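I opened my notebook to look up a few things in this structure. Cavities come first, then a sheet.

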Amino acid sequence: MNKFIAFSCTILYMTLLCIFFTESTDVLSLKELQPEVLINEDGESGTLAWQRLPYPCYYEVEILTKNPDPSIDHEQYHLLKKEYTFKNSFKTPSTGVPTYYRISGHGMFKTVGKPSKIITTQSFDDAPFVPALISHYDITNPANTMPFLIWHTVPGGVYYELELLSHPPENPNGIVLSSQYSLFSTRSVFTNGWQADLKEFAYKKLFWRVRALDFVGNPVGVFSNAEEIHMDIHVPLVQKPIINNFDRMPDFAQPLYPVYNWIPLHNISKYEVELLNTPPEEENNTEPSSHRIWSKIAEDASDCYDEYPRMAPGLYYWRVRALDSNGNTIGVYSDSEQFTVAKSPLRVDYATFGDSITHGGGALSYSPANLEYSYQSYLDFPALNLGRSGDTSTTTAERFDTDVLPYRPRNLIILCGSNSIRAGTPASTIIHDIITIRMKCEANDIRPIFLTLMPINPTNIMQAFNTETADDWREDMAQVNAFIRKQPYYIDLEPYFYDNQGFMATQYATDGLHPDIKGKQLMAQIVNAHKDLFRH
């Protein structure tokens with residue numbers, strides 16, 4: 001037996017040695033091999049496919065985004081995630097942000113050949129966005145008279161215009177309504193789905209399409225391809241909100257203060273969210289669960305902000321119901337959705353701390369549940385999101401002990417004071433709060449890395465929120481940032497975000513305050529370029 005084992009080990013060793021020699025010396029002329037990748041799209045999603053390389057290997061799929069300012073780090077693309085497969089195909093995820101892909105072959109020890117050319121599911125640079133439809137109602141899957149019409153989000157789209165037509169439009173993929181076949185249109189759609197009321201069209205041929213609009217109603221891309229709605233009045237109505245999890249960044253995780261979002265029922269604006277620590281006794285019922293640990297009446301028709309930090313590790317469940325004026329359930333509860341709070345190590349390596357800019361969201365209609373609007377999504381390292389929307393510099397400092405100390409991050413990226421600046425809080429108060437946070441960090445062996453405040457745009461803030469901005473915001477911001485630049489560890493965001501008038505550039509922040517996707521990508525790119533400041 002011992003001889004057999006020794007013989008087997010010798011054979012294995014020689015085999016591995018041969019493989020290593022083959023991959024290291026390129027004796028088989030593998031160096032110039034390159035996967036040729038094709039993309040197959042069905043409108044809703046895409047699949048990458050390539051011919052197998054003539055050598056046994058597995059494949060690495062890099063999921064990339066474009067950096068908004070390559071001059072910062074001389075990198076055109078940012079790596080979101082790597083996936084691995086033994087197949088020669090890969091289904092592209094829907095991330096809510098333009099994504100690009102690169103395929104590499106890997107042997108046992110070395111890379112096989114060259115990486116493929118970078119490919120994307122759409123020509124984002126050369127062609128306008130065309131919304132991809134998720135809801136499909138054909139003869140085999142007919143709609144009821146109040147179907148949900150759902151599509152993938154369009155980056156930067158603040159709201160949407162949806163059109164019902166009697167025939168395919170004469171202007172497909174255009175930017176105006178059909179002049180010949182339009183039956184109905186609405187611009188009152190502030191998320192990527194709408195429950196239609198089609199009772200008056202029950203016996204008519206019907207098509208639908210949708211396009212995204214910016215804050216002032218200009219088109220963001222063009223109309224989607226029009227698609228026929230096959231309807232059957234005998235299909236029963238199911239009146240329940242739809243959990244909006246259609247576009248998720250890789251490795252989705254709720255921030256410390258979760259946000260729950262859904263697609264609402266037709267013309268219903270009042271909802272209640274409940275959070276549970278076990279699944280509900282019954283799905284899609286009408287009564288609250290006995291396992292409820294928290295609930296809240298939503299002030300928005302499509303999302304709800306949890307006011308409590310969810311620190312306890314475990315699996316959480318949440319669902320939402322529509323309410324009438326008397327608090328009775330309209331229809332039934334949504335399907336239950338779940339998220340996991342992982343058990344935290346004694347210390348985390350990185351965390352971010354601050355107000356809504358840290359918490360996430362942007363373009364007015366997107367909450368921190370839309371992680372494409374979180375700068376943490378584009379960092380080169382995982383960071384725990386300890387942001388909370390609505391914070392001033394004072395409330396940020398006040399919750400340090402309860403929200404930061406349980407994790408004792410080795411590095412804490414801090415951005416606070418934007419809400420205080422625009423509200424007229426003196427710079428001295430904000431500086432005092434920054435000193436408080438710094439001292440708490442130092443007392444607990446946490447390295448504080450402060451981010452300078454970005455400029456704001458009072459005109460856009462007024463348009464978005466009907467809120468005045470303090471007249472002396474520039475002077476206060478200059479004092480605060482001058483103080484931050486004297487700290488041992490800081491990263492200077494401010495210079496990158498100005499327009500040519502000296503305000504926050506609209507291309508980075510639609511509402512003049514909260515950076516959108518490009519703005520969050522730019523924030524992360526600047527932070528990534530200063531990784532030497534972090535303690536490893």
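Which residues line the second largest cavity? I noted that the model is predicted. I then listed the lining: Arg248, Phe252, Gln254, Val259, Asn261, Trp318, Glu337, Gln338, Phe339 and Ala369.

Next I looked up which elements supply this lining. β17 (259-263) and β23 (337-341) are the elements that give two or more residues. β23 gives the most, with three residues. I sorted the lining by type and got five nonpolar, three polar and two charged residues. The space in this second largest cavity is about 50 Å³.

How many cavities of 30 Å³ or more does the structure hold? I found four. The largest has a volume of about 100 Å³. Its lining includes Thr153, Phe190, Asn244, Asp303 and Tyr366. Here the split is two nonpolar, nine polar and one charged. Asn261 caught my eye: it is in the lining of the largest cavity and also in that of the second largest.

Then I turned to the sheet. Five strands form an open sheet with parallel pairing. I wrote down the order as β25-β24-β26-β27-β28. The edge strands are β25 (384-385) and β28 (490-491), and each pairs on one side only.

I followed one pair further. β26 (residues 411-415) and β27 (residues 447-451) pair in the parallel sense over four bridges. Asn411 has Arg447 in β27 as its bridge partner.

What packs on this sheet? Helix α6 (residues 427-443) does, touching β24 (350-354), β26 and β27. I noted that the direction of α6 makes about 155° with that of β27.

Definitions and conventions: Residues are numbered from 1 along each chain as its sequence is written. This is a predicted model: local features need pLDDT of at least 70, side-chain atom pairs count only at pLDDT 80 or more; totals for chains, interfaces and linings use all residues. Side-chain values use heavy atoms; hydrogens and water are left out. Two strands pair if DSSP finds at least two bridges between them. Contact means heavy atoms within 4.5 Å. Axes are lines fitted to C-alpha atoms, for helices over the stretch in contact, and angles run from 0 to 180 degrees between N-to-C directions. On a 1 Å grid over the protein atoms alone, a cavity is a set of points where a 1.4 Å probe fits but cannot get out, and a pocket is an open set with protein on both sides within 12 Å along at least five of seven lines; lining residues have an atom within 4 Å of a point. Grid points are joined across faces, edges and corners, and a volume is the space filled by probe spheres set on the points. Ala, Val, Leu, Ile, Met, Phe, Trp, Tyr, Cys and Pro count as nonpolar, Asp, Glu, Lys and Arg as charged, and the others, Gly among them, as polar.
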